[in-house]
Amino acid sequence: MKLIASLLILAFFATVPLWLQDQYYLHTLVVTGIFMLAAMSLNLLLGFTGQLSLGHVAFFGIGAYVSALTSLGFSVTIFGMPIVHEPWPPFVGLIFGALAAGLCGYLIGKLAFRVRGAYFVIVTISFAEVVRLVSLNWVELTNGPLALPGIPPMTLGFEWSGYLTLWGKAQNYYFVLAVIVLTYVLIRRLVYSPYGRAMIALRENETLAVSVGISVTKYLVLAAVFSGALAGLAGGLYAHYIQIIDPMIFMFLNTVTMVIMVITGGKGTLAGPVVGGLIFGIAPVVLRSYVGPEVQWILYGVLMILIVFVLPEGIVPAIERWFNRGGASRSPTGRGASSGGSSGDGSALALSGSGKGNS
Amino acid sequence: MDTSVATSASKPILSVDHVAVQFGGLVAISDMCFDVHEGELVSLIGPNGAGKTTAFNVITGFQRPTRGTVTFRGTSLEGLKPHEVTGLGLVRTFQRTSLFEKISVFDNVLIGLHRRTSPSLFGTLLGLPRERRAEEALREEAWETLRLVGIEHQANEAGGSLPYGDQRLLGVALALAANPSALLLDEPVSGMNASETSRFIELLMRLRKMGKTILLVEHDMPMVMKISDRIVVLNYGRIIANGTPTEIQNNPEVIAAYLGGGVKNA
Ligand SMILES: Nc1ncnc2c1ncn2[C@@H]1O[C@H](COP(=O)(O)OP(=O)(O)OP(=O)(O)O)[C@@H](O)[C@H]1O
Ligand SMILES: [Mg+2]
C-alpha cells in the first residue's frame, strides 16, 4: 500500500519537468529539493537521535565550498608552503564535499556528545560561526565576501561512457530527485536496522538504552557523521547548481529553514522532512508575489507556530494517525511485529519526546 | 563471610569487594562485600533507602563507587561504562521505568537484542541479503523472548499501554534479550498482584533452569524466602546478614532492623 503510494508520488514528481515549462518554478523546485535533502540529514540527528544541531548549515556550507574548490582548483600558501590544486571533475568534488562534511560531523560528534543537550546546541552554533568566519576571512582560498564564481555545473559519466553536463534546469531537477530518492532509501535502511533502533532507543530513554548495551557515543557519532555527510552532499549540489557561493551560505536563517522543515513535517519520520521541505520550499514563491521578504519570514514563523500548535508531532504523523484511525492496524509503531513483509514509514518507533531518569 | 550453600565450591561469578558510596555527606553504602556464584539466586533485601538500588548502580557501572571494586567473571568493572558492563553479560532492570513506553512491545525487545547482532554498516545501507537474514533471525529471537516471559500476545501494543504487571515483564524481557549470564532485577514484582507474582516466580524458575545467575532486589518477603538460595540483608548501607532464608529469618539483627524500619510485606 505504502510502497504503491510512494511510487505514485515519485512518478508524479518525475513528470513535473514535462508539463512545468516555467523555468523559474523549476528552479524553485530544484532549490527546494536541495534544502529538502539538507532537512532529511538534519532529521537524522534531530528526529532519530533527538539531538538538535543549530549549526547544521555549517555542514551544508562546507560541502558547498569543498565541492566548489575541488572542481575549481585553488592555490594557497599555508605556513609558507604553497599548495596548488588542479581542477577535478565536479562529481569528485561532490563526493569530497560530502566526505569533508562527514568528517566534521565526526569531530563535532566526538567533541559535543560527551555532554549532550544544550551543550551540543551551543557547540554546533559556534562551529557554524567559526566556519563562516573562515570562509569570510580566508580570502586566498574562498575569495571571502567577493564570492566564489564560475563553479562548473555537475558533470556525470566516465571516460568510456561519455559525459553529461547538467546545464538545464530539468536535468538538475532529475539529478536532485535521484539523489533524494537514493538518500531516502539509505536513511530508511539505516532507520530500520539495529543502527537506527539504537539511535531511537537513545532518544527515547538513554539510561535504558545503555543498560541493554547500546554505546551512546558510537551511535550518536555515527548519526552525526551521516547527517553531516548528507548535508554536505546537499551543499555540493547547491554549489554546482547555483554556480556561485559566498559566505552568506552560512547564515543562520538557512539552519532555521531546515529545522522548520523537519519540525513541521514531523521529526523522526522518514517522510516528514520531504513534506516540510516541499511546503517551506514552495511557500516563498507563492508568497513572493504578494508580500515582501520580511513579511514572508513573519508568515513562515506564524505558519510554523500554527502547524506545531495544531499538530505538535508534525504533519506526517498526524496524517498517518488519520489514516490508521479506521484501519485494522492500531500498531503504535506502524509496522507491526509480523515477521512477514513489513512496510512502514519510519514513524515506526518515531514518537517524539524523551524519558530519562531511571533509578 | 561467604555462606553460600546452594553452589558447591564454584568460584564466584560476581564479587562486590569493600564497596562504599557517598553522596556528599550521605553514606549510601559503607564497606559492602558479597559474592554471587554461578547459577545462584541471591536476594538483596533491606528497608527503603538501605542502598539496594545504589548497589545495583555501582555493579552495572551507572554509579562510580567512592571506594572498592566489583569483579565479574574475573574482570574488574572499574571504569567501565554501563554498556560495556552489559557487554560482559551483566544486565539489570530498573526499579522504575524499565521499558520504552512509546515503542511497541516487539520493538522494545528488538532494541534489547542489540547486543546479539553486529551488522555491517555497508551491508545495512546496501540492503544485502546477509543483513536481511540477520534481521529475520533477530525477529525470531524477539518472538522467543516474548514467549519466554509470556507477553507475545501484546507484541503490537505500545510498551506504556500494557497493564502494570506486563510492563514489569517487558522490562525483564528487554534485559533478557541482552543475553545476560547474570541478571539483576530491581523490585520486579512491586505492584504486581498475587497471580502475577506467582507467574513471575515461575519465570524466575525457568530462568534458573536456563542457568542464569540472578541477583534480586525485592520487598516481597514471602517470595524472597521461597525462591532465594541466599539472602543478603542491607540496612543503612551496611550488610547486616548474609545467609540462607532460614538463617536470615532467625537472625536477631535482621528482625530488629525490620521491626525498626517499616518494610512492606515483612
Ligand atoms: N543520586 C543520588 N544522590 C543523592 N543521594 C542518593 C542518590 N541515589 C540514592 N541516594 C540516597 O542513597 C540512599 C540509598 O538509596 P537507594 O535508592 O539505593 O535505596 P534502596 O535500598 O534502593 O531503597 P528503595 O527500597 O526505596 O528502592 C537513600 O538515602 C537515597 O536517598
Ligand atoms: Mg531501590
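Visitor: How many salt bridges are there between chain B and chain A?

Guide: This is a predicted model. The pair concerned is Arg197(A) with Glu135(B), whose closest N and O atoms are 2.7 Å apart. Between chain B and chain A the count of salt bridges is one.

Visitor: Which helix gives the most to the side of chain B that touches chain A?

Guide: Several elements of chain B each supply at least two residues of that side, among them α3 (105-112), α4 (121-126) and α5 (129-149). The largest contribution is six residues, and the helix that gives it is α5(B).

Visitor: Which three residues of chain B supply more of the area buried against chain A than any other three?

Guide: The area buried between the two chains is about 3600 Å², and carbon and sulfur atoms give 61% of it. Of the area that chain B buries against chain A, 19% comes from three residues: Lys102(B), His114(B) and Leu125(B).

Visitor: What parts of chain B does the pair at the magnesium ion tie together?

Guide: The magnesium ion (ligand 2) is coordinated by Thr53(B) through OG1 and by Gln95(B) through OE1, at 1.9 to 2.1 Å. These two residues are 42 apart in sequence, so the pair ties together helix α1 (residues 52-59) and the loop between β6 and α3.

Visitor: Is Thr53(B) buried or exposed?

Guide: Buried means under 20% relative accessible area. The value for Thr53(B) is 15%, so Thr53(B) is buried.

Visitor: What does Gln95(B) count as, by relative accessibility?

Guide: Partly exposed covers the range between under 20% and over 50%. Gln95(B) has 26% relative accessibility, so Gln95(B) counts as partly exposed.

Technical notes:
Residues are numbered from 1 along each chain as its sequence is written. Chains are lettered from A and ligands numbered from 1 in the order in which they are written. This is a predicted model: local features need pLDDT of at least 70, side-chain atom pairs count only at pLDDT 80 or more; totals for chains, interfaces and linings use all residues. Side-chain values use heavy atoms; hydrogens and water are left out. Buried area is the accessible area (1.4 Å probe) that two parts lose on being put together, summed over both. A salt bridge is a side-chain nitrogen of Lys or Arg within 4 Å of a carboxyl oxygen of Asp or Glu. Helices (H or I, at least four residues) and strands (E, at least two) are DSSP runs, numbered from the N terminus. Donors are N, O and S atoms within 2.8 Å of the metal (3.2 Å for Na, K and Ca); water is not among the atoms, so sites may look incomplete. Buried means under 20% relative accessible area, exposed over 50%, partly exposed in between (1.4 Å probe, protein chains only).
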